[in-house]
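Here's a casual walk through one protein chain, from its overall build down to a handful of residues. Have the model open and follow along.

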Amino acid sequence: MIITPDLKQNIFYALFFTISHNSLALFYFCGIIFAIGLSLYRPSRKSVLLLLGFSLLLFGFQYNKHILEGLREQTLNALITIQEHNKVRRIINFVTLKLLPLFFPLVGWGLVLLSGYLYFFKRKKKEGRVV
């Protein structure tokens, strides 16, 4: 099978733009794979916190990219049928557009940093150099 030069170029561009467009998600996925490996090799709270942190980060990335608008519209259509409820609309918009997009990265990075802190603190404590 012979691949023409224009098809080679199109394949390259498709791979390049797919990877560059989803680089953050790929980074979070690599963090999840690392945390799973760490959990299997040396199970601990730190490795579980790391796994949960990267999982929340990946879910938050996908939420912002794909889930947000559909969930907001579906929730509004389910709660507001005949009569307009502006307070409900404001609450749903606040939760889906402001609160959840802020919650996932904050909690995700918080868990990742907590895992790193626990790893570092326990290591220093084992060495006898508790600060």
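## Surface and overall build

The protein chain exposes about 10,000 Å², and carbon and sulfur atoms supply 70% of that area. Those accessible areas come from the Shrake-Rupley method with a 1.4 Å probe, and for residues only the protein chains shown count as cover. Before going further: this is a predicted model, where local features need pLDDT of at least 70 and side-chain atom pairs count only at pLDDT 80 or more, while totals for chains, interfaces and linings use all residues. Residues are numbered from 1 along each chain as its sequence is written, and side-chain values use heavy atoms, with hydrogens and water left out.

What's the fold made of? The protein chain has four helices and zero strands, so reading from the N terminus you get α-α-α-α (helices are DSSP runs of H or I with at least four residues, strands are E runs of at least two, both numbered from the N terminus). Along the principal axes, the C-alpha atoms fill a box of roughly 65 × 60 × 25 Å. The radius of gyration of the protein chain is 21 Å, whereas a compact globule of 131 residues would come out near 14 Å. That figure is taken over C-alpha atoms, and the globule rule is 2.2 Å times the number of residues to the power 0.38.

## Burial, contacts and charge

Of the 131 residues in the protein chain, 21% are buried. Buried here means under 20% relative accessible area, exposed means over 50%, and partly exposed is in between (1.4 Å probe, protein chains only). As for contacts (heavy atoms within 4.5 Å), look at those in the protein chain with a separation of 6 or more: residues 24 or more positions apart account for 64% of them.

The charges are 16 positive and 5 negative, and their mean positions sit 19 Å apart. Lys and Arg count as positive and Asp and Glu as negative, with His and the chain ends not counted. The place of a charge is NZ of Lys, CZ of Arg, CG of Asp or CD of Glu.

## Where helix 3 touches residues further on

Start with Gly 53, in helix 3. Gly 53 counts as buried because its relative accessibility is 0%. Beyond its neighbours within four places in sequence, Gly 53 is in contact with Gly 108, Leu 111 and Val 112. Its C-alpha atom is separated by 9.4 Å from that of Leu 106, 53 residues away along the chain.

Leu 76 is also in helix 3, which covers residues 45-79. With 3% relative accessibility, Leu 76 counts as buried. Skip residues up to four places away in sequence, and Leu 76 touches Arg 89, Ile 92 and Asn 93. Leu 76 and Arg 90 are 14 residues apart in sequence and 10.0 Å apart from C-alpha to C-alpha. Gly 60, another residue found in helix 3, is buried at 6% relative accessibility. The C-alpha atoms of Gly 60 and Lys 87 are 26 Å apart, with their positions 27 residues apart in sequence.

## Two buried polar residues in helix 4

Now hop over to Thr 96, in helix 4 (residues 86-127). Is Thr 96 buried or exposed? Its relative accessibility is 5%, so Thr 96 counts as buried. A polar atom of its side chain lies 2.7 Å from the backbone oxygen of Ile 92. Not counting neighbours within four places in sequence, Thr 96 is in contact with Tyr 63, Leu 68, Leu 71, Arg 72 and Pro 101.

Ser 115 is found in helix 4 too, and at 6% relative accessibility Ser 115 counts as buried. Residues up to four places away in sequence aside, Ser 115 touches Lys 46, Leu 49 and Leu 50.

## His 21, out in the open

Helix 1 (residues 5-21) is the place of His 21. This one counts as exposed because His 21 has 54% relative accessibility. What does His 21 contact, leaving aside its neighbours within four places in sequence? The partners are Phe 61 and Lys 65.

With Lys 65, the His 21 side chain makes a polar contact, side chain to side chain, at 3.0 Å. A polar contact is a pair of N or O atoms within 3.5 Å; within protein, one must be able to donate a hydrogen and the other to accept it, and residues adjacent in sequence count only if both atoms are side-chain atoms. His 21 and Leu 102, 81 residues apart in sequence, are 21 Å apart from C-alpha to C-alpha.
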